[in-house]
Amino acid sequence: NAIVGFSNLLAEDDVNEEEKQQYVDIINQSNSSLLRLIDDVLDVSLIEANQMKIKQQEFDVNKLFENLYAAYLKVLQEKHKKQLKLEVQIPNTHYFITSDASRINQLMINLLDNAIKFTHKGGIVFGFKKVTGGLHFFVTDTGIGIPHQYQKALFERFFKIEENKEELYRGTGIGLYLCKKIVELMGGRIWFTSEV
């Protein structure tokens with residue numbers, strides 16, 4: 001709707017340059033959201049058809065997180081959330097693991113996007129640490145939190161919390177479902193703790 005509506009508004013004769021730029025920004029953001037949604041739906045289809053493949057290739061985990069940090073400093077600016085503090089916590093030693101770097105990147109993007117969406121003040125800390133038997137990836141934030149009654153359903157497909165009537169949070173409810181399924185395919189586990 002946003003793409004069609006604002007494209008039509010751009011065609012109007014009485015639109016000034018500032019409004020044009022605003023409409024173009026909205027269209028671009030909506031394009032990105034739509035592409036992401038299509039990718040997620042296709043990934044869910046692959047998972048449910050047992051067709052998703054996890055590639056096994058050695059990569060530098062530290063480098064992946066450094067790239068995410070650089071990218072998300074820009075994302076905070078684009079989303080007009082420069083007031084949020086972003087911090088990455090990674091070991092000084094570089095860790096090379098054999099796994100699917102693109103899927104781990106996808107997981108972290110989903111979790112960071114959620115953290116940014118639901119955090120209005122304070123900050124977000126993400127990173128990884130060595131634990132017995134592997135690596136522990138994490139994202140923590142000072143966001144609005146998840147009410148206790150919704151916590152069991154958080155990783156279910158198409159689940160969205162629609163409790164706050166004052167603010168609309170966009171999303172389809174498949175991001176965390178996708179994260180859980182990918183983590184399980186990779187032999188890991190995903191969990192969270194939260195308070196409102």
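**Pocket lining, sheet and an aromatic pair**

User: What's the lining of the second largest pocket like by class?
Analyst: Two nonpolar, four polar and four charged residues. Here Ala, Val, Leu, Ile, Met, Phe, Trp, Tyr, Cys and Pro are nonpolar, Asp, Glu, Lys and Arg charged, and the others, Gly among them, polar. A pocket is an open set of 1 Å grid points, over the protein atoms alone, where a 1.4 Å probe fits, with protein on both sides within 12 Å along at least five of seven lines; lining residues have an atom within 4 Å of a point.

User: Any caveats before I dig in?
Analyst: The model is predicted, so local features need pLDDT of at least 70 and side-chain atom pairs pLDDT 80 or more, while totals for chains, interfaces and linings use all residues. Numbering starts from 1 along each chain as its sequence is written, and side-chain values use heavy atoms, with hydrogens and water left out.

User: OK, which residues line that second largest pocket?
Analyst: Leu35, Arg36, Asp39, Asp40, Asp43, Ser102, Asn105, Gln106, Ile109 and Asn110.

User: And which elements give two or more residues to it?
Analyst: That'd be α2 (17–48) and α4. Helices are DSSP runs of H or I with at least four residues, strands are E runs of at least two, and both are numbered from the N terminus.

User: Switching to the sheet: what's the strand order?
Analyst: The order is β2-β4-β5, in an open sheet of three strands with mixed pairing. Pairing takes at least two DSSP bridges between two strands. At the edges sit β2 (85–89) and β5 (134–141), each pairing on one side only.

User: How many bridges link β4 and β5?
Analyst: Eight, with β4 (residues 123–131) and β5 pairing in the antiparallel sense. For instance, Val125 has Thr140 in β5 as its bridge partner, and Lys129 is matched with His136 of β5.

User: What's in the turn between them?
Analyst: β4 and β5 make a hairpin with two residues in between, and Gly133 in that turn has a positive phi of about 90 degrees.

User: New topic: how many aromatic pairs are there?
Analyst: The count is six, taking Phe, Tyr and Trp rings (six-membered for Trp) with centres within 6.5 Å; planes under 30 degrees apart are stacked, over 60 edge-to-face, the rest tilted. One of them is Phe65 with Phe137, stacked at 5.7 Å centre to centre with 15 degrees between the planes.

User: What does that pair tie together?
Analyst: Phe65 is in helix α3 (residues 61–78) and Phe137 in strand β5, so the pair ties together parts 72 residues apart in sequence.
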